[in-house]
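Reader: I'm new to this one and would like a close look at a single part. Could you pick a helix and walk me through it, then show me what goes on around it?

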Amino acid sequence: MDITPLMWSIALLLLAALGVPLVRAFTVTREDCEGPVGTFINPFLLAVYLIALAMGLVIGWDHYQQAGADASDEASTVIDVYWGTQAYSPEDAERVRSAARDYVAAVTEQDWARMRREGELSPEGATAMTGLRAAVEEAAVGDGMSEADRIAALEKTSTLMHQRMMRADSAGESVPLGLTVTTALAGLAVVVLPLAMGVRGSRTRILWGGVTALTVLVSVAVLLTLDNPYRGLLEAGSDPFDEAVAEFDRIDELPPPA
């Protein structure tokens, strides 16, 4: 289930609003502060919040880094396929190069938009991948290619298909929902308990409670921006494929092999 940042923001505001009556209804006495609430429960909830937050940030950052690396690897493989057309006949080379350009266009124009919006790849990208593989296979069974070039061409398209599948898996990745909910609830408790410990007549307690609330809100917001590697303030872009197109143009300018 995809939960948008707007829905999360509304949920956090409701939790914050819930914290106000909780502070009023469950004011912690001095005996409670010196007892299990102050010495065990509050530190325990703080530890849960910090651990859940750290785990969520690490998972989200790892997904983002891996998505960027996967895009670079996939774009590099497409360049290898394009470069390998120098071993083809002129007609086969033109057909494979056109299919490679169609695939990159489908990735940047269709796949990326659908990954941001729905967390999955586009059917247009799948069609372009099928067309590229068919063009390479048709060229590989023709005359004029050495056995080594033929095997290399088929291996590169197989690698490209595998990398596309990896990107499909990456598009559906997110920080586990339970971890995000745990972070938000534990953070709420971390904010509420200090305020409940003698909130009346203590401006200092209210001030630092507000600072704590702001810190928790910002940290959860940062966690939400890392929920999926292809959307949010920090997202893996399609820049490697744009660079691949520039490399295609450079390869086109090379003289044909002797």
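Author: Let's take helix H6, residues 147-171. With 25 residues at 1.5 Å a residue, helix H6 should span 36 Å, and its end C-alpha atoms are indeed 36 Å apart, so the two values agree. Keep in mind that this is a predicted model. The protein chain averages a pLDDT of 82, and 79% of the residues score at least 70. Confidence varies along the way: among the elements, helix H2 (residues 30-34) has the lowest mean pLDDT, 59, and helix H9 (residues 239-252) has the highest, 93. Where pLDDT is low, the coordinates shouldn't be read in detail.

Back to helix H6 and what it tucks away. Its buried residues are Arg150, Ala153, Thr157, Leu160, Gln163, Arg164, Arg167, Ser170 and Ala171.

Now for some charge pairing. Side chains of opposite charge can pair when their charged atoms come close. A search of the whole structure turns up 14 salt bridges. One of them is in helix H9, where the side chains of Arg250 and Glu247 meet at 2.7 Å, N to O. Arg250 and Glu247 are three residues apart in helix H9, so about one helical turn separates them. Arg250 is partly exposed at 39% relative accessible area, and Glu247 is partly exposed too, at 22%. Elsewhere, salt bridges with shared partners tie Glu74, Asp111, Arg164 and Arg167 into one network. You've met two of those names already: Arg164 and Arg167 are on the buried list of helix H6.

Helix H4 (residues 90-118) has a pair of its own. Arg95 and Asp92 both sit in helix H4, three residues apart, or about one turn, and their side chains form a salt bridge at 2.2 Å, N to O. Here Asp92 counts as buried, at 12% relative accessibility, while Arg95 is partly exposed at 31%. Another salt bridge brings together the side chains of Arg114 and Glu120, at 3.0 Å, N to O.

For a companion to helix H6, try helix H5, residues 123-140. Its 18 residues should span 26 Å, and the end C-alpha atoms are 26 Å apart, which agrees. Buried in helix H5 are Gly125, Ala128, Met129, Leu132, Ala135, Val136, Ala139 and Ala140. Seen down the axis, the buried residues of helix H5 fall within an arc of 135°, so they line one face of the helix. Over on the other side of helix H5, Thr127 and Thr130 are exposed.

Note on methods: Residues numbered from 1 in each chain as written. Predicted model: local features only at pLDDT ≥ 70, side-chain atom pairs only at ≥ 80, totals over all residues. Heavy atoms only, no water. Helix = DSSP H or I, 4+ residues; strand = E, 2+ residues; numbered from the N terminus. Expected span 1.5 Å × (residues − 1). Buried < 20%, exposed > 50% of the residue type's maximum accessible area, 1.4 Å probe, protein only. Arc of directions from axis to C-beta. pLDDT = per-residue confidence, 0-100. Salt bridge = Lys/Arg side-chain N within 4 Å of Asp/Glu carboxyl O.
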